[in-house]
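Me: I'd like to go through this one with you before I set anything up. Can you take my questions as they come?

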Amino acid sequence: MLFRSAGGLAWLQRHQREHGGNRRSHSWLAEALLAHGDVAGARAALTTAAAPSKQRLTAEENWYRAKAKVALWRLGGQR
């Protein structure tokens with residue numbers, strides 16, 4: 001995956017700072033952080049992606065939320 005490179009990780013982190021991200025970008029950021037050995041950062045990104053929503057989610061948002069919940073479970077974190 002492109003985001004596993006150092007440049008890709010930097011791009012995702014910049015996107016996060018500038019735009020706040022969404023469930024998909026938080027999931028991608030978590031994958032990139034895990035690839036670079038930052039488990040705590042990945043867990044934080046996954047926690048954001050897995051957070052409950054106050055409004056109805058699209059199918060894509062639900063997919064990335066579910067993926068994040070499973071990834072957190074596998075990391076031993078909160079779901």
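**Working through the helices and the loop**

Reply: Starting with a loop residue, and bearing in mind that this is a predicted model, Gly 21 is in contact with His 15, Gln 16 and His 26 once its neighbours within four places in sequence are left aside.

Me: Where does Gly 21 lie, and is it buried or exposed?

Reply: Gly 21 lies in the loop between α1 and α2, and it is partly exposed, with a relative accessible area of 31%. Across the chain, its C-alpha is separated by 9.8 Å from that of Thr 48, a residue 27 places away in sequence.

Me: And what about Asn 22, where is that found?

Reply: Asn 22 is also found in the loop between α1 and α2, and at 39% relative accessibility it counts as partly exposed. At the start of α2, a side-chain oxygen of Asn 22 reaches to within 3.0 Å of the backbone nitrogen of Arg 24, and the side chain of Asn 22 reaches the backbone nitrogen of Ser 25 at 2.8 Å.

Me: How far is Asn 22 from Ala 44?

Reply: The C-alpha atoms of Asn 22 and Ala 44 are separated by 13 Å, with their positions 22 residues apart along the chain counted as the sequence separation.

Me: OK, on to the helix itself. How many residues does α2 have, and how far does it reach?

Reply: Helix α2 covers residues 23-35, which is 13 residues, and it reaches 18 Å from its first C-alpha to its last, close to the 18 Å expected at 1.5 Å a residue. After the helix comes Gly 37, whose phi is positive, near 85°.

Me: Which residues of α2 are buried?

Reply: Arg 23, Ser 25, His 26, Ser 27, Leu 29, Ala 30, Ala 32 and Leu 33 are buried in α2. The buried residues of this helix pack against α1 (6-19), α3 (39-50) and α4 (59-75).

Me: Why does Ser 25 count as buried?

Reply: Ser 25 has a relative accessibility of 7%, so it counts as buried, the cut-off being under 20%. Leaving aside neighbours within four places in sequence, Ser 25 is in contact with Leu 12, His 15 and Gln 16.

Me: And Arg 24, what does that one touch?

Reply: Not counting residues up to four places away in sequence, Arg 24 touches Glu 60 and Tyr 64. Arg 24 is found in helix α2 and is partly exposed, with a relative accessible area of 31%. Its C-alpha is 9.3 Å from that of Ala 68, although the two residues are 44 apart in sequence.

Me: Where is Glu 60 then, and how far from Arg 24 in space?

Reply: Glu 60 is found in helix α4, and it is partly exposed, with a relative accessible area of 40%. From C-alpha to C-alpha, Glu 60 and Arg 24 are 8.2 Å apart in space, while in sequence they are 36 residues apart.

Me: Changing topic to the core. How many residues are in the largest nonpolar core?

Reply: The largest nonpolar core has 13 residues, and those with the most contacts inside it are Leu 9, Leu 29, Ala 30, Leu 33, Leu 46 and Ala 68. The elements that give two or more residues to this core are α1, α2, α3 and α4, and α3 gives the most, with five residues.

Me: What does Leu 46 touch?

Reply: Leu 46 touches Ala 30, Ala 68, Ala 71, Leu 72 and Leu 75, again not counting residues up to four places away in sequence.

Me: Now the overall picture. What does the secondary structure come to?

Reply: The secondary structure of the chain comes to four helices and zero strands, which read along the sequence as α-α-α-α. Among contacts between residues at least 6 apart in sequence, 46% join residues at least 24 apart.

Me: What radius of gyration would a compact globule have, and what does the chain have?

Reply: With 79 residues, a compact globule would have a radius of gyration near 12 Å, and the chain has 12 Å, which agrees. The C-alpha atoms fill a box of roughly 35 × 30 × 20 Å, taken along the principal axes.

Me: Last one, what about burial and surface?

Reply: Of the 79 residues of the chain, 29% count as buried, and the accessible surface comes to about 5,300 Å², of which 52% belongs to carbon and sulfur atoms.

Notes
Residues are numbered from 1 along each chain as its sequence is written. This is a predicted model: local features need pLDDT of at least 70, side-chain atom pairs count only at pLDDT 80 or more; totals for chains, interfaces and linings use all residues. Side-chain values use heavy atoms; hydrogens and water are left out. The expected span of a helix is 1.5 Å times one less than its number of residues. Buried means under 20% relative accessible area, exposed over 50%, partly exposed in between (1.4 Å probe, protein chains only). Contact means heavy atoms within 4.5 Å. A polar contact is a pair of N or O atoms within 3.5 Å; within protein, one must be able to donate a hydrogen and the other to accept it, and residues adjacent in sequence count only if both atoms are side-chain atoms. A nonpolar core is a set of buried Ala, Val, Leu, Ile, Met, Phe, Trp, Tyr and Cys residues joined through side-chain atoms within 4.5 Å. The radius of gyration is taken over C-alpha atoms; the globule rule is 2.2 Å times the number of residues to the power 0.38. Accessible areas come from the Shrake-Rupley method with a 1.4 Å probe; for residues, only the protein chains shown count as cover.
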